[in-house]
Amino acid sequence: MAKPTTLKDHFRETRLFTHRAVTALAFTIVLMLMLLTRLVNLQVIEHDAYAVLSDNNRVHIAALPPTRGLIFDRNGVLLAQNLPSYSLQLVPEQVDDIDATIEQLRQLIAITADDEQRFRKRYKSSRRFKPITLRTRLSDEEVARFAVNRHRFPGVDIAARLYRHYPQGALAVHALGYVGRINERELQSIDVSNYEGTDFIGKTGVEKFYEDILHGEVGVQQVETNAQGRTLRVLEQTPPEPGLNLHLTLDADMQRIAEQALGEERGAVVAIDPRDGSVLVLASMPGFDPNLFVGGIDSKTYHTLRDSPDQPLFNRVLRGRYPPGSTLKPFIGLAGLEYDVVDPSASIYCPGWYRLDGDDHKYRDWKKSGHGPVALNRSLVESCDVYYYDLALTLGIDRISSFLEPFGLNDLTGIDTSGELAGLVPSREWKRRVKREPWYPGETLITGIGQGFNLVTPLALASATATLSTYGQHLRPRIVAATEDPDTGDVVDFPVVSNIAVPVEDHANWHYIIKAMTDVVHNHRGTARRIGHDAPYEIAGKTGTAQVFGIKQDEEYVAEDIQKRLRDHALFIAFAPAHEPKIAVAVIVENGGSGGAVAAPIARKVMDAWLLDKGHLSDAPNAGETP
Amino acid sequence: MSLLDTPVHDLGQRRRSLAQSLHIDPPLLLGLLLLSGISLFVLYSASGQNIDLVWRQVVRLGVGFTVMFALAQLNPAPLKRWAPWIFAIGLGLLVAVLVAGEIGKGAQRWLDLGVFRFQPSEVMKLAMPMMVAWYLSDHPLPPTAKRLAIAGLIIIVPTLLIARQPDLGTAVLVASAGIFVLLFAGIPWRVVTGFAALGAALAPLLWYFMHDYQRQRVLTFLNPEQDPLGAGYHIIQSKIAIGSGGLYGKGWLNGTQSQLNFLPERSTDFIFAAYAEEFGLFGILVLLAIYLFIIMRGLLIAVQAQDTFTRLLAGSLVMTFFIYIFVNIGMVTGLLPVVGLPLPLVSYGGTSMVTLMAAFGILMSIHTHRKLLPR
């Protein structure tokens, strides 16, 4: 035991401690050598055995990607489906010479420079034991040719996958959208584990908006694999939950009719069933084939699409913001009645121009000679500008903008597809905030005829028309009617969503405007008379032309082309039957010129399709057979 | 001699005083920074490229280094005065946690203080060596048999309290922190061997007091292949990861065992296996060299300490750090049973890292608060 010392002996204690510290160090080093011996044993002597164990580590967790939901139109026409495809995959770890392998594969299978470039990009960033796709969508012949030669290519294999296919091609592409490969930015916003084994994600349109519903839930399986990673047997699995099928409100036949009616023109057609807000047609032309984007579009095709002067990639229905032009006049007229500043029987005289007090500027009517004495009904039938200059001035911008806003003209409609832009109803407050300028009276005048700062998307215009047709009932436009579980067949209908209704002072005012709008179509002086004379049902409509300004003039264009591109946009809004509306339509034809001559016939075709061909003219939606 | 001696001494004095005014020990700091760097790299890979997790570790490291710098500013003299109080508080908290603690992962270790949850056993990791060193330092060393017995009591009570939680890993650490103070205090080797023999004789008794899962761990350790998909899975997968790493490793982000989710707990307790798989034996040599460097520097600090209390405390803190390393690597390589200790400063985790950094802060404080007397 310790020697009893009463006095602390510092030198002795220090020496003792130093001695113990050295022992501690020796102890540390010995134990570390022990660990090291163990590690050398594991990593050097038994390395080969462990490497084999690691290579064919038996239990492998594999993701089972869910099947994406299908998309149907209202009649069950298939709009988006999944088709099996074969792709060529390469596991870098198992391939000795990547370059030589690719060269040899080229003898059997067409591999473009784009394919190779994409492969190399992913090769750099991904891990060596994960398969990388070299080519997608092999033809049956290519699959067969590779299968015969497979033994020559260790580490290369064919994988079967489902890819998205749009059987109707370009039809309704701007409503439907498309899927594409998941990019870096999207990776940040999704639950990565739920997308394990999934290559595609909704990029635009319904495909994007309903991504969560369409995608489903990933499944997991534990599989026993051999050294090459081939599955020997499944030990345990949680099956994936497939995405739900979507049933759209769109009608593929009508959509096709609308797109064909637009033909070579650039423009948009929207048709809404005012009874429940269902969007029947959502056409933006020209379109493009969404199938091009699914497997990754090649850069040349993409640039052609992107740089085309017709802008096929531009979603005109949701993102095209056009001046509403004279299609705004029924709304302004209604505002005059509801605010009680208009006597419908009182005429004003239209000399063909209008002048503000103390202002030399002449605000012209589209009809140079003037309309003569004009009352409210005639102002709509003949679309007299001077009448609305005067009315707008009487109303003032504040009342105009507060009247238009409940129609949803200053907002998003809230439709359930992605990419929508909001329209614009100018106001004093808006101009101060955005332009930092006061409001000028002249701007009130041109607002009255839908020019100036006014902007509206074709969708919002159709929605406002539907709201007008139903005496202020403001339903949110919707494009998906129901979801369907592909396993059980359970259908869940989506509810109709009502926005705040437009306040109504007097139904007679609305009735008056609707009557005037039927005269636009059915009166012999109406601007849309050409579609009215042979119509078997009553149509309420209003034509419009919107001036084109600020167009970009590319110098490459030939002179006639520029001429055409500077022409006015042709617009037409309508609903029918006028007093029991079942369809509301908005048509915009870019640089179409006259609304009555160009836009109205397109609307007529769409309405005919719904009311005549689809039998909606009679009462109940499906009562075509019953009297 | 003195002509030559003076300028050298002056130079050393000046360089030292720069770091000393900040109370930092540059070699120790360098070692810790290297470990932190390695930790972030391995975590990024072992977590499956989870950059958020890496950032959280960065924040924890930041907290750890802040605590270290703060403690380094503190003179060790008050530390000695406070030692019994800190120990008393730690003991009180341990009792509190047994009475009113939170249960996490089947063990009662946490005390919820409203603002944050807190593990009182962490306090004991520092309080234990301080208390034993305080108790022994005022009397001549080596200690008398009576003082040794009381010191033994000081060690055993908190150790049992922690083992009851049950937290075997921390209990081992706290007990060894106290025992190392005794060893540094110079108790004769025959006493040490006597206790070791007694311990071996009492092992069956320990078995009796163990929880089921602790017994399972010991059984698994003895024969991992017996239950390859159950309890033995950790050790088998870990050994495959290490063994398949070989001399040079599979490369960063390319460890199949960890990337393909075969390796359990690969960001926390088993991070060494993930590291060994991707960086191989050479990577391990680098890591062990850094650890050894830190230990050697720490022991040097202990030897140069100017009074018995700081000397004993420093020595114990350094050796506890080593116990961490040894137990963790031993467990991951299958040399020791799985006791759930992190690889110090590399594993993902918060509380134990802060305690470790606090220990290094105390070491720096001891070293930089010396009164330098020219000899």
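Me: When does a charge sit over a ring?

Reply: A charge is said to sit over a ring if NZ of Lys or CZ of Arg is within 6 Å of the ring centre and within 35 degrees of the ring normal. In this predicted model, R60(B) lies over the face of Y348(B), at 4.7 Å from the ring centre. In chain A, the charged end of R399(A) sits over the ring of Y339(A), 5.3 Å from the centre of that ring.

Me: How many aromatic pairs are there over all chains?

Reply: Rings pair if their centres lie within 6.5 Å, and planes over 60 degrees apart count as edge-to-face. The count comes to 27 aromatic pairs over all chains. The ring centres of F331(A) and F407(A) are 5.0 Å apart and their planes stand at 85 degrees, so this pair is edge-to-face.

Me: Which parts of the chain does the pair of F331(A) and F407(A) link?

Reply: The pair links distant parts of chain A, 76 residues apart. F331(A) belongs to helix α14 (residues 329-338), while F407(A) lies in the loop between α16 (385-404) and α17 (428-435). Ring pairs also link both residues with Y339(A), F403(A), Y471(A) and W510(A) into a cluster.

Me: Is F331(A) buried or exposed?

Reply: Buried means under 20% relative accessible area. F331(A) has 1% relative accessibility and therefore counts as buried. F407(A), at 1% relative accessibility, counts as buried too.

Me: What share of the residues in chain A is buried?

Reply: Of the 627 residues in chain A, 50% are buried. Chain A has 23 helices and 23 strands.

Key:
Residues numbered from 1 in each chain as written. Chains lettered and ligands numbered in written order. Predicted model: local features only at pLDDT ≥ 70, side-chain atom pairs only at ≥ 80, totals over all residues. Heavy atoms only, no water. Phe/Tyr/Trp six-rings, centres within 6.5 Å; stacked < 30°, edge-to-face > 60°. Helix = DSSP H or I, 4+ residues; strand = E, 2+ residues; numbered from the N terminus. Buried < 20%, exposed > 50% of the residue type's maximum accessible area, 1.4 Å probe, protein only.
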